[in-house]
Amino acid sequence: MIPDPERTYPVPSVRRLPIYLSLLRRLRAAGLEAVSSTKIAEELKLTGIQVRKDLAMTGIVGRPKVGHSIHELIEHIESFLGWDRPQNAFLVGVGHLGTALLGYKGFAQESLNIVATFDNSPHKIGKKILGREVYPMEMFPTMAAKQEIRIAILTVPARVAQETTDVLVGSGIRGIWNFAPIQLSVPDDVIVEDVSLSSSLAVLSQKLNHRP
């Protein structure tokens with residue numbers, strides 16, 4: 001299913017879909033062919049209504065007393081997320097975090113392929129890190145246009161994040177996965193997904209701090 005561009009989907013629901021995928025893949029590996037929304041809800045400690053609403057976004061319809069075909073449900077979720085077709089991306093900033101992302105094997109299941117990396121450090125440019133050559137930022141616009149890249153992963157320090165973002169946007173990038181601890185300013189037609197490690201840690205720390 002291709003998401004309706006005119007419709008806004010609840011972000012919490014979209015964030016849960018990869019969790020469903022992980023469970024469904026485990027169930028399929030275990031030999032199961034069908035699963036009910038109730039079973040999914042029990043496994044993930046969610047409500048049945050919540051699961052049914054989330055899955056309904058993908059356009060799949062369950063069968064009474066049978067549930068969902070696991071294979072079809074995986075296909076619908078992957079299609080809805082755009083994970084049924086390869087998505088090439090550039091990574092900018094090959095420090096510790098950027099290198100860790102390069103080594104993450106899970107991107108293959110999400111059809112995300114980091115095809116090139118970029119950095120301004122003369123100590124990194126020209127070297128290969130985990131099989132990817134590091135290019136200077138000066139080459140970003142030309143390479144992005146040539147390879148028709150729309151997604152960039154940003155893992156640079158906060159002090160250079162905005163100026164780097166300006167280069168990305170000017171090079172035709174329309175989706176930025178931002179790991180820099182700063183809010184970016186971009187045109188309305190550019191999507192930014194912020195990953196805040198500090199915010200996540202704050203939630204964990206607060207919960208622990210208020211637990212008896």
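1. In this predicted model, helix α1 (residues 11-29) packs against helix α4 (residues 70-81) at an angle of about 150°, and their axes lie 10 Å apart. Angles over 145 degrees count as roughly antiparallel, and α1 and α4 are therefore roughly antiparallel to each other. The crossing of α1 past α4 is left-handed.

2. The α1 side of this contact consists of V14, L17, P18, Y20, L21, L24, R25, L27 and R28, and the α4 side of I70, H71, L73, I74, I77, E78, F80 and L81. Sorted by class, the residues where α1 meets α4 are 13 nonpolar, one polar and three charged.

3. Helix α1 also has a contact with helix α2 (residues 37-44): the axes come within 11 Å and cross at roughly 105°. That angle makes α1 roughly perpendicular to α2, because the range for this term is 65 to 115 degrees. On α1 the residues involved are I19, Y20, L23 and L24, and on α2 they are I40, E43 and L44. This contact of α1 with α2 has six nonpolar residues, no polar ones and one charged residue. Y20 and L24 are among the α1 residues listed for α4, and Y20 and L24 are also among those listed for α2.

4. On the overall fold, the protein has eight helices and nine strands. Its C-alpha atoms fill a box of roughly 60 × 50 × 35 Å along the principal axes. Of the 212 residues, 38% are buried. Counting contacts between residues at least 6 apart in sequence, 56% join residues at least 24 apart.

5. N178 belongs to strand β8 (residues 175-178). The relative accessibility of N178 is 1%, so N178 counts as buried; the cut-off for buried is under 20%. A polar atom of the N178 side chain lies 2.9 Å from the backbone nitrogen of A180. Beyond its neighbours within four places in sequence, N178 is in contact with L154, L184, V192, E193, D194 and V195.

6. T155 sits in the loop between β7 and α7. With a relative accessible area of 12%, T155 is buried. The T155 side chain reaches the backbone oxygen of G93 at 2.5 Å. G93 is also among the residues that T155 touches once those up to four places away in sequence are set aside; the others are L91, V92, L97, G98, L101 and F179. A colleague checking this loop may want to view T155 together with G93.

7. Two residues deserve a look for their backbone angles. Most residues other than glycine have a negative phi. S111, although not a glycine, has a positive phi of about 60°. E148 is likewise not a glycine and has a positive phi of about 55°.

8. Where do S111 and E148 lie? S111 is in the loop between α5 (96-102) and β4 (112-119), while E148 is in the loop between α6 (140-147) and β7 (151-154). Is each of them buried or exposed? S111 is buried, with a relative accessible area of 18%. E148, at 69% relative accessibility, counts as exposed.

9. Helix α7 (residues 158-170) contains Q162, and E163 lies in α7 as well. Q162 has a relative accessibility of 22% and so counts as partly exposed, whereas E163 is exposed, with a relative accessible area of 52%. Leaving out residues up to four places away in sequence, Q162 touches Q183, L184 and S185. L184 is also one of the residues in contact with N178 of strand β8.

10. Two C-alpha distances run from α7 residues to other parts of the chain. Q162 and A41 are 121 residues apart along the chain, and their C-alpha atoms are separated by 41 Å. For E163 and L46, which are 117 residues apart along the chain, the C-alpha separation is 42 Å.

Terms used: Residues are numbered from 1 along each chain as its sequence is written. This is a predicted model: local features need pLDDT of at least 70, side-chain atom pairs count only at pLDDT 80 or more; totals for chains, interfaces and linings use all residues. Side-chain values use heavy atoms; hydrogens and water are left out. Axes are lines fitted to C-alpha atoms, for helices over the stretch in contact, and angles run from 0 to 180 degrees between N-to-C directions. Helices (H or I, at least four residues) and strands (E, at least two) are DSSP runs, numbered from the N terminus. Angles under 35 degrees count as roughly parallel, over 145 as roughly antiparallel, 65 to 115 as roughly perpendicular and the rest as oblique. A crossing is left-handed if the near helix is turned anticlockwise from the far one by less than a right angle, and right-handed if clockwise. Contact means heavy atoms within 4.5 Å. Ala, Val, Leu, Ile, Met, Phe, Trp, Tyr, Cys and Pro count as nonpolar, Asp, Glu, Lys and Arg as charged, and the others, Gly among them, as polar. Buried means under 20% relative accessible area, exposed over 50%, partly exposed in between (1.4 Å probe, protein chains only). A polar contact is a pair of N or O atoms within 3.5 Å; within protein, one must be able to donate a hydrogen and the other to accept it, and residues adjacent in sequence count only if both atoms are side-chain atoms.
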